[in-house]
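Student: Please take a close look at one part of this model, the place where its domains meet, and describe what lies on either side of it.

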Amino acid sequence: MGWRSIALVLIIGVSLIAAGCIGSGDNVAGTEEARLVVFHAGSLSVPFQGLEKEFSDYAEENLGVKVTFQDEASGSVKAVRKVTDLGKKADIVAVADYTLIPQLMVPNYTDFYVLFATNEIVIAFTDKSKYADEMKAHPEKWYEILARDDVSFGFSDPNQDPCGYRSVMVMKLADLYYGKPIFETLVEKNTNIYANGTRIYVPKEIGVKSDNVVIRPKETDLTGLVESGSLDYFFIYKSVAEQHNLPYITLPDEINLRDFSKADYYGQVEITLGSTGKTIKAKPIVYGVTVPKDAPNRDLAIEFLKFLLGENGQKVFKENHQDFLNPPVAFGNVPEEIKDLVKVEG
């Protein structure tokens, strides 16, 4: 950050504090303590913890504000519905599928959003997982290993979590790529999730038919089960597998939802969610973030958003094995404060 930018931040911080703009809605104007409420995807837990610590130090030193965070990690669908359905107030909403924001939050709850990070789906396990050595030696046999009667695998709830519906779409894309009934074998035989051609349907109430499959609300809920040995494999974001030092196999670019050049290929598959009634087309994984219109501490939330989208955020995400868009891409009524950090697309 140049001296001009630092000076601007200092001027903004001093003026906001003097005006009583930065502060918790629970406290009197001019307070030097503030709280930010953050609803975020479970897969953002580790990088956000690091980012929030650095922002707290930065805000205290440069803005004269002692910031605390109230983090609520969940599946991204649930995170958004806390705002739209339950009427909860948040300063930041960060999701693992940016399309949830324009689909469910624009225009009533927010008028802008930013695409800022990417990821890919992998299959993670431990050295204690059944057939772990075979999985490492022959990753192309992943679907055969998962289908064995003595193997258990998991994915998060598609109704609540993008990692869940992406994992299910990965298995349907595998049908197309390998020319084998992988979705039927792994998903339809074990759950009441089903497909008609390349469209997948997720009932509002998901049922599991066997002990071979475990479904949890968000992808990070499955991490402990795998680490403890009670679950053999799970579909997870690459960044989360690396943050937890779990061995994993990568999947072909045609099915891992990583490769932007494969967007049309991914788009052959779509999924209808019972929780929202929305149909989502498979696409490359891109995370999104917004500040709701009624954010309790909107000015400070914008400062945090600037911190996330700038060099500090990029550094923290790189340290936590997650790719960051350079530059981030913003849509809608983009706040002036972040325009120099993003590419504005509308």
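Tutor: Two strands count as paired if DSSP finds at least two bridges between them. In this predicted model, strand β6 (residues 153-156) and strand β10 (residues 233-237) run parallel and are joined by 2 bridges. Phe 153 has Tyr 233 in β10 as its bridge partner. Both strands belong to an open sheet of 5 strands with mixed pairing, in the order β9-β6-β10-β5-β11. Its edge strands, β9 (213-216) and β11 (248-249), each pair on one side only.

Now the division of the chain. Domain 1 takes in 34-118 + 286-344, and domain 2 takes in 121-281. The contact between them draws 22 residues from domain 1 and 20 residues from domain 2. Taken over C-alpha atoms, the centres of domain 1 and domain 2 are 27 Å apart.

Between them, domain 1 and domain 2 bury about 1,700 Å², and 56% of this is on carbon and sulfur atoms. On the side of domain 1, the residues that lose the most area to domain 2 are Val 77, Gln 103 and His 321, which together account for 27% of what that side buries.

The polar part of the interface can be listed as well. There is 1 salt bridge between domain 1 and domain 2. In the model, the side chains of Arg 166 and Asp 97 form a salt bridge, with 3.8 Å from N to O. This pair counts because the rule asks for a side-chain nitrogen of Lys or Arg within 4 Å of a carboxyl oxygen of Asp or Glu. Across the interface of domain 1 and domain 2, 9 residue pairs are in polar contact.

Several elements build the side of domain 1 that touches domain 2: α2 (45-63), β2 (66-74), α3 (76-84), α4 (100-104) and β14 (286-290) each supply at least two residues. The most comes from α3, with 4 residues. Sorted by class, this side has 9 nonpolar, 10 polar and 3 charged residues.

Two of those elements, β2 and β14, also appear in an open sheet of 7 strands, ordered β2-β1-β3-β14-β4-β15-β16, with mixed pairing. Here β2 is an edge strand, as is β16 (343-344), and each pairs on one side only. Further in the order, strand β1 (residues 33-41) pairs with strand β3 (residues 92-95) in the parallel sense, over 3 bridges. Within this pairing, Phe 39 stands opposite Val 93 in β3.

Definitions and conventions
Residues are numbered from 1 along each chain as its sequence is written. This is a predicted model: local features need pLDDT of at least 70, side-chain atom pairs count only at pLDDT 80 or more; totals for chains, interfaces and linings use all residues. Side-chain values use heavy atoms; hydrogens and water are left out. Domain bounds come from an automatic or database domain assignment. Contact means heavy atoms within 4.5 Å. Buried area is the accessible area (1.4 Å probe) that two parts lose on being put together, summed over both. A polar contact is a pair of N or O atoms within 3.5 Å; within protein, one must be able to donate a hydrogen and the other to accept it, and residues adjacent in sequence count only if both atoms are side-chain atoms. Ala, Val, Leu, Ile, Met, Phe, Trp, Tyr, Cys and Pro count as nonpolar, Asp, Glu, Lys and Arg as charged, and the others, Gly among them, as polar.
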